[in-house]
Amino acid sequence: MAVLAPLIALVYSVPRLSRWLARPYYFLSALLSAAFLLVRKLPPVCESLPTQREDGNPCDFDWREVEILMFLSAIVMMKNRRSMFLMTCKPPLYMGPEYIKYFSDKTIDEELERDKRVTWIVEFFANWSSDCQSFAPIYADLSLKYNCTGLNFGKVDVGRYTDVSTRYKVSTSPLTKQLPTLILFQGGKEVMRRPQIDKKGRAVSWTFSEENVIREFNLNELYQRAKKLSKAGDKIPEEQPVAAVPAAVPDEESKKDK
């Protein structure tokens, strides 16, 4: 049973397997995850391993190993119900170039209120979320392309600042589909977010690709407006809201504190 559960999950996740294997950290993690099973069942190797089985067979699992494998299988399938079949290590944290300001629970409010002529796109993320880590290089690339005086990019770690997640209604549950969450602020107020939240408080499925972010948030239009605002100096007109959504207000922090 301990081996059967991961195999069933593997068959279910075959369509996504090729994409994972294209990334070295997933490939290495999958290899390490399978190493124990291979070593324990491969006759030339397993015969030299110690065992606590009553029959003395070194090429089969003893009761301790069966318990551990069953426990790990249950945890993996529960935490990664979206077809993850092995305990894989998370992608490395993105440390490349970016034009992003990091907020804390004490700085986001003042930054959003400081100059209401500036449009902010803020990502609410958690370092333990693999979806957030996968989106990090995309968001950084967008900040390099679109950041200017009138259009700024920010991030706040709701896994660390839980009161921020409460104020902005971003769930940090291990099973949540709200991480990452992107919120557009204009005039210091939230006017749009992705993923959207339905009437039952559930996140509407949304793909965090560069194309989707550019299209949904009208980044090209926002950027052109922001460039005009920069040239106009103090004569910066108010941005027109894109889509009304209730919001709150958080703060800023150094990139090292990620």
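Me: What makes the pairing of Arg-194 and Glu-216 a salt bridge?

Reply: In this predicted model, the side chains of Arg-194 and Glu-216 meet with an N to O distance of 2.8 Å. A salt bridge requires a side-chain nitrogen of Lys or Arg within 4 Å of a carboxyl oxygen of Asp or Glu, and the pair therefore qualifies.

Me: Which parts of the chain does the pair of Arg-194 and Glu-216 tie together?

Reply: Arg-194 belongs to strand β5 (residues 189-194) and Glu-216 to helix α9 (residues 210-216), so the bridge ties together parts that are 22 residues apart in sequence.

Me: Why is Arg-194 called buried, and why is Glu-216 called partly exposed?

Reply: The relative accessible area of Arg-194 is 12%. Buried means under 20%, so Arg-194 is buried. Glu-216 has a relative accessible area of 24%; the partly exposed class lies between 20% and 50%, so Glu-216 is partly exposed.

Me: What is the peptide bond from Arg-194 to Pro-195, cis or trans?

Reply: The bond is cis, with omega near 0°. Pro-195 is located in the loop between β5 and α9. A cis peptide bond also runs from Leu-179 to Pro-180, with omega near -5°; Pro-180 is placed in the loop between α8 (162-167) and β4 (181-186).

Me: What polar contacts does Arg-193 make, and with which residues?

Reply: Arg-193, in strand β5, reaches the backbone oxygen of Tyr-168 with its side chain at 2.7 Å. A second contact, at 3.0 Å, joins the side chains of Arg-193 and Glu-190. The cut-off for a polar contact is 3.5 Å, so the distances of 2.7 Å and 3.0 Å satisfy it.

Me: Is Arg-193 buried or exposed?

Reply: Arg-193 has a relative accessible area of 6%. The limit for the buried class is under 20%, and Arg-193 is therefore buried.

Me: How do you know that Lys-101, Glu-111 and Arg-114 are linked in a network of salt bridges?

Reply: Glu-111 pairs with Lys-101, their closest N and O atoms being 3.5 Å apart. That pair links distant parts of the chain, with Glu-111 in helix α6 (residues 108-114) and Lys-101 in strand β1 (residues 100-103), ten residues apart. Glu-111 also meets Arg-114 at 2.5 Å, N to O. Since the limit is 4 Å, the distances to Lys-101 and Arg-114 qualify, and the three residues are linked in a network.

Me: Where do Arg-114 and Glu-111 lie with respect to each other?

Reply: Both lie in helix α6, three residues apart, about one turn of the helix.

Me: What classes of exposure do Lys-101, Glu-111 and Arg-114 fall into?

Reply: Glu-111, at 10% relative accessible area, is buried because that class covers values under 20%. Lys-101, at 28%, falls between the limits of 20% and 50% and therefore counts as partly exposed. Arg-114, at 61%, is exposed because that class begins over 50%.

Me: How many salt bridges does a search of the whole structure find?

Reply: The search finds 13 salt bridges.

Me: What makes Ile-68, Phe-71, Leu-72 and Ile-75 a nonpolar patch?

Reply: A patch of this kind joins nonpolar side chains within 5 Å, from residues with over 30% relative accessible area and no salt bridge. Ile-68, found in helix α5 (residues 63-79), has a relative accessible area of 48% and so passes the threshold of 30%. Together the four residues form a patch on the surface with about 360 Å² of accessible area.

Me: How many disulfides are there, and what classes do Cys-132 and Cys-148 fall into?

Reply: A disulfide needs two cysteine sulfur atoms within 2.5 Å, and by this rule the count is zero. Cys-132 has a relative accessible area of 3% and Cys-148 one of 15%; with buried meaning under 20%, Cys-132 is therefore buried, and so is Cys-148.

Me: What is noted about the phi angles of Lys-169 and Asn-218?

Reply: Lys-169 has a positive phi of about 55° although it is not a glycine. Asn-218, also not a glycine, has a positive phi of about 50°. Lys-169 is in the loop between α8 and β4, whereas Asn-218 is in the loop between α9 and α10 (219-232).

Me: Why is Lys-169 called exposed and Asn-218 partly exposed?

Reply: Lys-169 stands at 61% relative accessibility, and exposed means over 50%, so Lys-169 is exposed. Asn-218 stands at 32%, between the limits of 20% and 50%, and is therefore partly exposed.

Technical notes: Residues numbered from 1 in each chain as written. Predicted model: local features only at pLDDT ≥ 70, side-chain atom pairs only at ≥ 80, totals over all residues. Heavy atoms only, no water. Helix = DSSP H or I, 4+ residues; strand = E, 2+ residues; numbered from the N terminus. Buried < 20%, exposed > 50% of the residue type's maximum accessible area, 1.4 Å probe, protein only. Patch = residues over 30% accessible without salt bridge, like charges linked within 9 Å, V, L, I, M, F, W, Y side chains within 5 Å. Areas by Shrake-Rupley, 256 points an atom, 1.4 Å probe, with all protein chains shown as cover. Polar contact = N/O pair within 3.5 Å; in protein donor to acceptor, adjacent residues only side chain to side chain.
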